[in-house]
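Me: I would like the labels attached to this structure justified one at a time. Please set each value against its cut-off and then conclude.

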Amino acid sequence: MGWEGLDNAALCAALLDKDKNGGRDVAQLVAHMAHDKLVLWGWAPGGTREPVPVPHAQFVKSLQAWQAAGAPCPSPGPGKP
């Protein structure tokens, strides 16, 4: 996945980058993560794969709170751009 290995600041920046997120604004991004079948697959991947450890409803609630706060990103860690 394109998000693997990113720290919180880099992940947030990537999520907000329309060149990397399918051209979505924040509202579209939240809707995508709440309803898209490929995203939902993470909570029921089948086989021996482990599902996302956070319940989907909690994940969406956190995304909505982030959106309501203006989708702020944390500052990069020391030594990061």
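Me: Why is F59 called partly exposed?
Reply: The model is a predicted one. In it F59 has a relative accessibility of 24%. Buried would need under 20% and exposed over 50%, so F59 falls in between and counts as partly exposed.

Me: What makes W43 and F59 an aromatic pair, and why is the pair called tilted?
Reply: Their ring centres are 5.2 Å apart, and the limit for pairing is 6.5 Å. The planes meet at 45°; stacked requires under 30 degrees and edge-to-face over 60, so the pair of W43 and F59 is tilted. The structure holds one such aromatic pair.

Me: Why can this pair be said to tie parts together?
Reply: W43 sits in the loop between α3 (37-41) and α4 (56-68), while F59 belongs to helix α4, so the pair links parts that are 16 residues apart in sequence.

Me: How do you know that C12 and C73 form a disulfide?
Reply: Their sulfur atoms are 2.0 Å apart. The rule asks for sulfur atoms within 2.5 Å, so C12 and C73 qualify as a disulfide. The count by this rule is one.

Me: Why is that disulfide called left-handed, and what does it tie together?
Reply: The torsion about the S-S bond of C12 and C73 is about -80°, so the disulfide is left-handed. C12 is in helix α1 and C73 in the segment after α4, so the parts tied together are 61 residues apart in sequence.

Me: Are its two cysteines, C12 and C73, buried or partly exposed?
Reply: C12 has 7% relative accessibility and counts as buried. C73, at 36%, counts as partly exposed. The value for C12 is under 20%, whereas that for C73 is between 20% and 50%, so the labels follow from the cut-offs.

Me: Which residues make up the largest nonpolar core, and what makes them a core?
Reply: The nine residues are C12, L15, L29, V30, M33, V39, L63, W66 and A71. Membership requires a buried residue of a listed nonpolar type, joined to the others through side-chain atoms within 4.5 Å. Two or more residues come from each of α1 (8-16), α2 (26-35) and α4. The most come from α2, which gives three. Beyond its neighbours within four places in sequence, L63 is in contact with V30 and M33.

Me: How do you know that the buried residues of α2 lie on the same side of the helix?
Reply: The buried residues in α2 are L29, V30, M33 and A34. Their arc around the axis is only 130°, so they are on the same side of α2. The buried residues of α2 pack against α1, α3 and α4.

Me: What makes the backbone at A71 worth a remark?
Reply: Its phi is positive, about 55°, although A71 is not a glycine. Most residues other than glycine have a negative phi. A71 lies in the segment after α4.

Me: Why is A71 called buried?
Reply: The relative accessible area of A71 is 9%, and the cut-off is under 20%, so A71 is buried.

Me: What is the pattern of the protein, and how much of it is buried?
Reply: Along the sequence the pattern reads α-α-α-α, with four helices and zero strands. Of the 81 residues, 21% are buried. The protein exposes about 5800 Å², and carbon and sulfur atoms supply 59% of that area.

Methods: Residues numbered from 1 in each chain as written. Predicted model: local features only at pLDDT ≥ 70, side-chain atom pairs only at ≥ 80, totals over all residues. Heavy atoms only, no water. Phe/Tyr/Trp six-rings, centres within 6.5 Å; stacked < 30°, edge-to-face > 60°. Buried < 20%, exposed > 50% of the residue type's maximum accessible area, 1.4 Å probe, protein only. Contact = heavy atoms within 4.5 Å. Areas by Shrake-Rupley, 256 points an atom, 1.4 Å probe, with all protein chains shown as cover. Arc of directions from axis to C-beta.
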